Amino acid sequence: METIKKLRITGMSCAACAARIEKSLSRLDGIKEASVNLALETARVSYDGEALDAGDIVTAVEKAGYGAVIEDEDRERGAELKRREIRRLGLLVAISAVLSAPLLASMAFMLVDVHFPIIHEPLLQLALATPVQFVIGWRFYRNAYLGVRGGSPGMDLLVALGTSAAYFYSVYNGFVLPAISGEAGDLYFEASAVIITLVLLGKFFEARARGMTSDAIRKLMELRPDTATIVRDGRERVVPAADVVPGDTVLVRPGERIPVDGRVIEGASSIDESVITGESLPADKGPGDQVTGATINRFGTITFRAERVGRDTVLAQIIRTVEEAQAGKPPIQRLADRIAAVFVPAVMGVAAVTFAGWMLFTGDISMALVSAVAVLVIACPCAMGLATPTAVMVGTGRGAEMGILFKSGQALESAYRTGVVVLDKTGTLTTGELSVTDIVPAGDMDADTLLRLAGIAEKKSEHPVGRAIAERAFAAADLSSPERFTAEPGRGVRVLFEGRELLAGTPAFMAESGVDIVCCAEALEELEGQGKTAVVVAYGGSAAGVIAVADSIRESSARAVADLAGMGIDVYLVTGDNRRTAEFIAARAGIDPGRVMAGVLPGNKADIVRGLMRGGRAVAMVGDGINDAPALAAADTGIAMGTGADIAMESADITIMSGDPAGVAVALLLSRKTIRTIRQNFFWAFFYNCIGIPFAASGMLSPVLAGAAMAMSSVSVVMNSLLLRRFTSPSRS
């Protein structure tokens, strides 16, 4: 039985820590997959629930030297642990800075040839540096030991080696050497203490900035109202939202947030669904319509029946999807993992060569030691470990705020490579709902009267075409009821109204009923040529006109296709409809007729996607129906409309919650921005190391400056990722 748990991890400092925890968990029997996210400070573990329990997993993490709590069971405790860790880091930085300040001042005074004998006393410097080195800096020794023991040494080993070398060399020069030769050597206590202070300061800034990267999740969680007003036994009661159960009748007044998902049973209102769909315009809701938890009731009072509560609500599912996406690793992260695995040993080798080189050519042990320490410190691979997860966190979080859900980090990377987009027609480019598009009266008939007559004829119809006409007529005026109603399936309806026969149906139905429709022939030919369903209306034996019904194209479809084309993406339309209808919709959307595939059976959509994939370009399939699920799964990237079938969303990598096709271009552009940010992060991470290591090895960079540069490299990577929070839709920016 596969079980998935999410853990909050404390005590990690670099990519090697994450790798160490993954190794420790992978050694457990029953573990199927373990993925640790350094930026999120979480682990997602998939395991056999019969072979292991959650306690075994927590114990394994703790044995590796880190703290862990099962977040699913105690999310608030996990968040509190993170806040506590940030406060603790801040306190350590403050104490370390106070102790290190006199040591840094002693070095500054020497540079400007100012002498305060007491501040240069070896005993005072030893007293200041020792608590920084071994109390505040104990975490580096502990993690270094755990890393070596676990076979994955990391940044902590470099810091521990570098600062220890500076500290013990200073002890030798300040206390042992005078006893031997009578003269003291140079002291480097300031290097060891200030490096630890700067590294911790960098960690503190990282932790604070990483907290900002998870703002999207926190904001989503805060949207859930604490209470709900329910009606039980005819009385209103205010209860905690967590106590609402399916079947409860929930009352929501203007300005209140809807507590859970359900279906309206009484009242009408406009609901602000921007937190879920990203759409700014409110959606009108009435009896029978779905409402979603966390959305805002703007105007009227509504009563609805609760259907999905707790972990089953749309908001809860969105939060889980975003968290899983942030916890997963895109393929580009594997490169960083491989590099980090060999980077630390390589840096230790460079430091050893640096020390040996200085000793061989100059014999100056002080310079050799200082240069080697600078190499160890500046080369810490923290920024490399943060490059991918911070960008994925911010990118997926920003997507969620815009109503775009990425299921995984891999979905971000596959979407980035998209060169071809295949669009389904019904429900994607079109609304998926029939509506009246044309009203063409004949003879002396006017359009309003024609629509009223058609509405009366179709008032009792259950056919989708008839319902579309009746709804349009109802919106224009109140409709009288016919005196007699007869439906003839597949042909039309026949009613008696004010003592005269009223017909609505196909041209063949009119011919069978003896109605001359010559006056409507031109309109029929034009409307049917556009792929619309034309309904002829006759009253008292004479043709009154034609009303056309069609699955109308979405207002944003043309913009969506234009945005995709502007990104250099080829757009195809695939549909089961006839070619005439498909080409008409394609023309309205701006799709090349040569890229229209009509009359495609549901089972063949996946074959078409695979055929396009063989062309060498990554293909994204966009759909909303059950029949699109195989094609969504077959494509490099499946993109589902959030207004469609659940199975389509489950098969897809990305979900556009609003159902707006313009969101497809936004999703692909956001993926491009995110991957570009990851690459920029890698560049800066490598840039610091590639530039800094030669300077450090040549003696041109002191260990203190190396520590500052190393800390800044991590902070710059996180801050660069945070720029993704400013991403906006190309059509809205």
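How many bridges join strand 15 to strand 24, and in which sense do the two strands run? In this predicted model, strand 15 and strand 24 (residues 618-623) run parallel and are joined by 5 bridges. Within this pairing, Val422 has Met621 of strand 24 as its bridge partner. Strand 15 also runs parallel to strand 22 (residues 570-574), again through 5 bridges, and here Val421 stands opposite Val571. Strand 15 spans residues 418-424, and 7 of its 7 residues are buried, that is, under 20% relative accessible area; the strand is therefore largely enclosed by the rest of the structure.

Strand 3 (residues 42-48) has 5 of its 7 residues buried, so it too is largely enclosed by the rest of the structure. Its pairing with strand 1 (residues 2-10) is antiparallel and comprises 7 bridges; in this pair Arg8 lies opposite Thr42 of strand 3. Strand 2 (residues 31-37) is likewise antiparallel to strand 3, with 6 bridges between them, and Ser35 is placed opposite Arg44 of strand 3.

A further sheet is open and consists of 3 strands in the order 10-9-12, with antiparallel pairing. Its edges are formed by strand 10 (283-285) and strand 12 (296-297), each of which pairs on one side only. Strand 9 covers residues 269-272 and is connected to strand 10 by 3 bridges in the antiparallel sense. Ser270 stands opposite Asp284, a residue of strand 10. In general, strands of a sheet pair through backbone hydrogen bonds, in either a parallel or an antiparallel manner.

Definitions and conventions:
Residues numbered from 1 in each chain as written. Predicted model: local features only at pLDDT ≥ 70, side-chain atom pairs only at ≥ 80, totals over all residues. Heavy atoms only, no water. Pairing = 2+ DSSP bridges. Helix = DSSP H or I, 4+ residues; strand = E, 2+ residues; numbered from the N terminus. Buried < 20%, exposed > 50% of the residue type's maximum accessible area, 1.4 Å probe, protein only.
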